Amino acid sequence: AQAIDARAQRVGAPVMGPLKDAFFSAVWTHLRGQPDCQTCAAALSANAATDVRNAWNALLEQGGVEGADKAGGMSGLLRERPDIFQITAGEGGTEVIRITERAQALNPADGLPPAPAANLPLGVPVAAMPAEVPGLAPFEVSPLAFGVGSLPFGVAADDFAKANDGPRLDSGKGKGKGKEMGKSRHGAPYVRNSGYKDLVWTPEMQQKKDSDKSKESDMAWALYKAVDDHAGQSVSLSQLGSDFKVAELKKDPHFRQWRLLDILKAYSDVFETVVDPQVAGGMRVRLLPGAAANLPDAESRQEELSDEQAFLPERIENPKSMVEKVQALRIELLLALHRRGGKCPIQELGQESRLQEKKKLVHQGRKLADWVKVFPDNFKVTSEAIGFVAQLI
């Protein structure tokens, strides 16, 4: 770590450390929960979350070695990480602090990225660095200073220092940016101004990446089905959050720092979000035309849905006679229980919007539990500690 600090000082970069990292991470997490991922500097200092205040106080008390400056305030320190925080002038001369677009796409829980050297913006080629920096070869600066070479969050700087003690090249040809200059002992190419492509890949990391991708796909489809269940009507964010499947997936630690609005915006070709005129600061969501085709794994998922629907009855959207209305209610009960794994407390079934609509059509003073008992060939009702539970037969 001392060697890394020495290198940072030689290129004029601020000295980083664990206390600064904790502060940057706390502010980053706090801003993700703010409207448009931003707040004014005064509000951050006065009304920040407890984690932000604790990290700031610890930095002021113990972070002398890291160069914390109380006079510069929080915004002054955040300027050391232009890759994460963007500070602009707001109305009345106030400073507005927001998360950069790059940082909005990442999760602070995964750790901080490597700090850019000398506050140069990410992506500046190494050739643009001063050539007179003594004792610092270009390939040493590139991965550490600019985060290139597919370095994910959470890789420590000293790991990079060890990895870059010297090139591990066999032999190769080619010059210039992006040209392969040989291969590592593991067979991965070394690319000029990028580095080795095998530094951070492991089977475990690939497995986690695949798992996270699958979870995000499941969430996108759950949100789609939750909106689709409202028969073309727009849905509030609170309604989406209370959906059975969405709420179940949201409990996964992978989505701990995610907001539903962030997920919806990530699939802008599937969901349309509009301001709710009846709720201050509220948002409503509706599906765009052809939304299903734009979801991840659309083709394979559609095949699975088709196979499932082959064994399920088709909905009756506009029942006319009382017989059709009762039949429509029975079908909605079947579909709702199937979606929940075949067994569910009747109280939770009552939250299904389509089921609520069909029940209104046959309202005769009966409770939903009474209607479930009307179809003994389809459902079984048992009394448990949590109340009446319906189960498919």
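# Reading rings, helices and strands

Reader: Let's start with one residue. Is F85 buried or exposed?

Author: The model is predicted, so treat every value as computed from it. Buried means under 20% relative accessible area. F85 has a relative accessible area of 3%, so F85 is buried.

Reader: How much of the chain counts as buried?

Author: The chain has 393 residues, and 38% of them count as buried. Its secondary structure comes to 17 helices and 12 strands. Take the contacts between residues at least 6 apart in sequence: 58% of them join residues at least 24 apart.

Reader: Now the rings. What describes a pair of aromatic rings?

Author: Two values: the distance of the centres and the angle of the planes. Here the count comes to six aromatic pairs. One of them is F24 with F85, at 6.2 Å centre to centre and 45° between the planes. That pair is tilted. F24 belongs to helix α2 (residues 18–32) and F85 to strand β2 (residues 85–89). The two are 61 residues apart, and the pair links distant parts of the chain.

Reader: Is F24 buried or exposed?

Author: F24 is buried, because its relative accessible area is 0%. For a second geometry, take F255 and W258: 5.3 Å between centres, 85° between planes, an edge-to-face pair. F255 is buried, at 2%. W258 is partly exposed, at 23%.

Reader: Which residues form one aromatic cluster with F24?

Author: F23, W56 and F85 join F24 in one cluster.

Reader: Rings can also have a charge over them. Where does the charged end of R366 sit?

Author: Over the ring of W371, 4.8 Å from its centre. There is another case with lysine. The charged end of K373 sits over the ring of F388, 5.0 Å from the ring centre.

Reader: Back to α2. Why does its length agree with the expected span?

Author: Multiply out the rise. At 1.5 Å a residue, the 15 residues of α2 should span 21 Å, and its end C-alpha atoms are 21 Å apart, so the two agree. Its buried residues are K20, F23, F24, A26, V27, W28, H30, L31 and R32.

Reader: How far does α9 reach?

Author: Helix α9 (residues 203–228) has 26 residues and reaches 37 Å from first C-alpha to last. The expected value is 38 Å, and the reach is close to that. The buried residues of α9 include W221, A222 and A226.

Reader: What does D243 touch?

Author: Leave out residues up to four places away in sequence. Then D243 touches A222, A226 and R339. D243 sits in the loop between α10 (237–241) and α11 (244–250). Its relative accessibility is 12%, so D243 counts as buried. A polar atom of the D243 side chain lies 3.3 Å from the backbone nitrogen of V246.

Reader: Next, strands. In what order do β7, β8 and β9 form a sheet?

Author: The order is β7-β9-β8, in an open sheet with antiparallel pairing. Strands β7 (235–236) and β8 (271–275) are the edges, because each has a single partner strand, and one side of each is left without a neighbour in the sheet. Strand β8 pairs with β9 (residues 283–287) over five bridges, in the antiparallel sense. For one bridge, find V275: its partner in β9 is M283.

Reader: How many bridges hold the pairing of β11 and β12?

Author: Six, in the antiparallel sense, with β11 covering residues 379–384. A hairpin through two residues joins β11 to β12. E384 stands opposite G387 in β12. Strand β12 (residues 387–392) also pairs with β10 (residues 343–345), antiparallel, over three bridges. In that pairing, look for C344, which stands opposite A390 in β12.

Reader: One last residue. Where is A105 found?

Author: In the loop between α6 (101–104) and α7 (138–146). The cut-off for exposed is over 50%. A105 has a relative accessible area of 66%, so A105 is exposed. Along the chain, A105 and A266 are 161 residues apart, yet their C-alpha atoms are separated by 9.0 Å.

Note on methods
Residues numbered from 1 in each chain as written. Predicted model: local features only at pLDDT ≥ 70, side-chain atom pairs only at ≥ 80, totals over all residues. Heavy atoms only, no water. Helix = DSSP H or I, 4+ residues; strand = E, 2+ residues; numbered from the N terminus. Buried < 20%, exposed > 50% of the residue type's maximum accessible area, 1.4 Å probe, protein only. Polar contact = N/O pair within 3.5 Å; in protein donor to acceptor, adjacent residues only side chain to side chain. Contact = heavy atoms within 4.5 Å. Expected span 1.5 Å × (residues − 1). Pairing = 2+ DSSP bridges. Phe/Tyr/Trp six-rings, centres within 6.5 Å; stacked < 30°, edge-to-face > 60°. Lys NZ or Arg CZ within 6 Å of the ring centre and 35° of its normal.
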